[in-house]
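Got your viewer open and a selection box ready? Let's take a walk through this one, stop by stop.

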Amino acid sequence: MASKGKKYILFKVDGSTWAMPLLKDSQFFTCTEIAPIPAVDEAVRGLTYHNGKIITVLNTAKILNLNTEEKKKTCLLFTYNNDNYGLLIDEVKDTVKATRTFSDTKKKLFKKYIRVKKNKVYILEPVLIWKVVKIYD
Amino acid sequence: MISQKYKTFYLGTAKKQLKKLSSLLLSLEKNPEGGILIENIFRLVHSMKGAAATMAYKKTVTFLHALEDVVEAAYHKQLSIDQSTIDLLFKTTESLEKNLKSIAKSNKEINLSKETRDLKNCCKHKTSKQIVKRTKSIVDDVHLDVEISVAPNKLNTLQNYLDDLLINVMKSKALAQKEGDAEMLSMAVSTDTIVNNLRRELERLRIVPLSDVLSSLPYLVRSIAKNENKQVELNIKDNDLSLDKSILDQLVEILIQLLKNAVAHGIQEGQRNGRVDLEANLLNDQMQIIVKDNGQGVKWQEILDKAIKKKVISRAKSKKMTLAQIKELIFMPGISAAKASNIVSGRGMGLSLVKNKVEDLDGDINVDSSKKGTTFTITIPLPLSIFRSFNFQLGQFNMAIPLLYVNKVVKLKKLKNFYNTKTFDYKRSKYKVISLAKKLDMPDLKALAKYVALLKYKDTKLALPVYSNVNDREVVMKKSPHILKSLDYIKGVAVASDGQVILILDINNLI
């Protein structure tokens, strides 16, 4: 499916590069302290405070089904349904513009990808995160 | 382009003016001889015309000019205010509303020529003589109220920055105290006062009187009743209460649905004394809103039958249901008290949406019904802002309750197991134990309670076992994230001076 010049933020989790569509409120920040929440999905790390906002921090490795030990402090902020969410990531990469997205039919989730310097970079679409993290049931 | 730049402002003002016009017309319907009322309507229409002219909405100006003529003729007693005139005036508000919607959507006015003609014809047919030159006494007194509209998201951004500033000030106050620097402490305290005042002023900007929003509802009820061929009077008692605009906007959607239901299903056809009462009260830290009609009441057996038919419940289960459980059915999708659906209500979705919206506000809705009518009672918590909290840890979780509920903290002589304890005795008084560890299914904590906080909440004496060290701090309440919605024992989230996020417990749901 073609999408004209859409911007993506690139970031690294467990050695692989991922992309997230660049949204109005997208930004990176360092989580100082995360307060855990009882009885929630294990992919929810807890709540943190940044620039006057309460942010629900998500464990990206859990969302992507990676078994790495989570020690990350950098968060990629995005908003969904007027709530603020932060994805814990390893490393901030560039922002790129892609004219096309492709689909990998072999994958069950996060099938879409863009090509960055001939490499496949899978897209972490916020709307698909809720298929893994049960918040909006 | 000037017009484009000010379109949002124009629309905001015009919507308010339209609401005011509807409210004035309702009063005029009750008191057609009201000279002051007519004068006020004239002033308002004149202001609306002026604003439309500034925006170069020519059709709107022509239409409002014709409306002005009608109102002026009424003012000079050249035109009598009978029911047909009132209906025509109400129709103009409908046309103006459609027009505003069109302007908002496409920046185009609708065709108002027929409506303008109707107004002109009304003047021609009903006035004894042609309208002469505008009377100076009305026009000269016309003045425009100047208001500034600010989008709520801009206020949110401002509040977020202010919260950050407030938390930094709290931090510097704590640091000055720690260092024992009296001068720095005095400066921090004074800055704290200023920032607190600023925050309160900002909060005040968001607070609007209930009457501002509820004033449009009588017109809505009148219009639904007219469509249903019923006579219904809406009585509003707002007790001069005010509420955060964003909450009020959501609340008004809920009320509109309940009023539609009350008029369409509650009040019977041919009922002469159709009446709906809407009352807002303040109860502790909650606002209670009651919508009560004197209609036919809900036939619970019909609701039950429908739920069985729609396979929401089995017949066997229906026989064991309590009245409270049956009442809950009315809020389920697809179950409606109406026999037939119409454009207003009766598709069985209204009340389920109402319940969802109330729950979005962390509120609660209950229904009571008899042959004398139906009463819906909504309770919504009022937002706390800055307060001192009693803080403790429960395992890895940072928790707190507002300090105002804590009467005393008792340090236990030895660690005590409260996991299955129902009461705690202290100085000849019995306290009901709130077992958070049990609620959160944390049996590992059962033998480790160090303190007991004695609370007083709504005349109930409560004992909260605490398993960690405790402290009291000033915290800033923040918007609760969606993730906490499913946890009924958590009221919301607050931030302390060091940026620590704290979960604030809802005592009401822990009892």
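Start in chain B and select strand β8, residues 386-394, together with strand β15, residues 471-478: the two run antiparallel and are joined by six bridges. For one rung of that ladder, pick B:Arg388, whose bridge partner in β15(B) is B:Glu474. Keep in mind that you are looking at a predicted model.

Now add helix α8 of chain B, residues 152-179, which packs on this sheet and touches β8, β15 and β16 (490-495) of chain B. The direction of α8(B) makes about 165 degrees with that of β15(B).

Next, widen the selection to the whole sheet. Five strands of chain B close into a barrel here, in the order β8-β9-β17-β16-β15, and their pairing is mixed. Ignoring direction, neighbouring strands of this sheet are turned by 55 degrees against each other on average.

**Zoom out: chain B by domain**

Colour chain B by domain. You should have domain 1 (2-139), domain 2 (152-208), domain 3 (215-381) and domain 4 (386-509). Put a centroid on the C-alpha atoms of domain 2 and another on those of domain 4, and the two centres come out 26 Å apart. The contact between these two domains takes 10 residues from domain 2 of chain B and 10 residues from domain 4 of chain B.

While the whole chain is on screen, here are some overall numbers. Chain B has 17 helices and 17 strands, and 48% of its 511 residues count as buried. Among the chain B contacts with a separation of 6 or more, 66% are between residues 24 or more positions apart.

**Next stop: strand β5 of chain B**

Select residues 286-293 of chain B, which make up strand β5, and turn on a surface. How many of its eight residues are buried? Seven of them are, so call this strand mostly covered.

Now bring in the strands that pair with β5(B). Strand β4 of chain B, residues 274-283, pairs with β5(B) in the antiparallel sense over eight bridges; look for B:Val276 standing opposite B:Asp293. Strand β7 of chain B, residues 373-381, also runs antiparallel to β5(B) and is joined to it by eight bridges. There, B:Gln288 stands opposite B:Thr379 in β7(B).

**Into the cores**

In soluble globular proteins, nonpolar side chains tend to be buried together. To see that here, show the largest nonpolar core, a set of 83 residues in which A:Leu58, A:Ile129 and B:Phe424 touch the most other members. The largest share of this core comes from strand β13 of chain B, residues 449-457, which supplies seven residues. Domain 2 (152-208) and domain 4 (386-509) of chain B each give at least three residues to this core.

Centre the view on A:Ile129. Leaving aside neighbours within four places in sequence, A:Ile129 is in contact with A:Met20, A:Leu58, A:Ile63, A:Phe78, A:Leu87, A:Phe110 and A:Leu124.

Then hide that set and show a second, separate core of 51 residues, which includes B:Val208, B:Leu255, B:Val263 and B:Ile289.

**A pair of cysteines**

Select A:Cys31 and A:Cys75 as sticks. Why is there no disulfide at A:Cys31? The sulfur of A:Cys31 is 3.1 Å from the closest cysteine sulfur, in A:Cys75, which is too far for a bond because the cut-off is 2.5 Å. A:Cys75 is likewise in no disulfide, and the count over all chains comes to zero. Switch the surface back on and check their surroundings: A:Cys31 is buried, with a relative accessible area of 2%, and A:Cys75 is buried at 0%.

**Last stop: two loop residues**

Most residues other than glycine have a negative phi. Select A:Asn82, where phi is positive, near 65 degrees. A:Asn82 sits in the loop between β6 (74-80) and β7 (83-89) of chain A and is exposed, with a relative accessible area of 70%.

Then jump to B:Lys427, which is not a glycine yet has a positive phi of about 45 degrees. Is B:Lys427 buried or exposed? B:Lys427 is exposed, with a relative accessible area of 66%, and its place is the loop between β11 (423-426) and β12 (429-433) of chain B.

Notes: Residues numbered from 1 in each chain as written. Chains lettered and ligands numbered in written order. Predicted model: local features only at pLDDT ≥ 70, side-chain atom pairs only at ≥ 80, totals over all residues. Heavy atoms only, no water. Buried < 20%, exposed > 50% of the residue type's maximum accessible area, 1.4 Å probe, protein only. Helix = DSSP H or I, 4+ residues; strand = E, 2+ residues; numbered from the N terminus. Pairing = 2+ DSSP bridges. Axes fitted to C-alpha atoms, helices over the stretch in contact; angles between N-to-C directions. Contact = heavy atoms within 4.5 Å. Core = buried A, V, L, I, M, F, W, Y, C linked by side-chain atoms within 4.5 Å. Domains from an automatic or database assignment.
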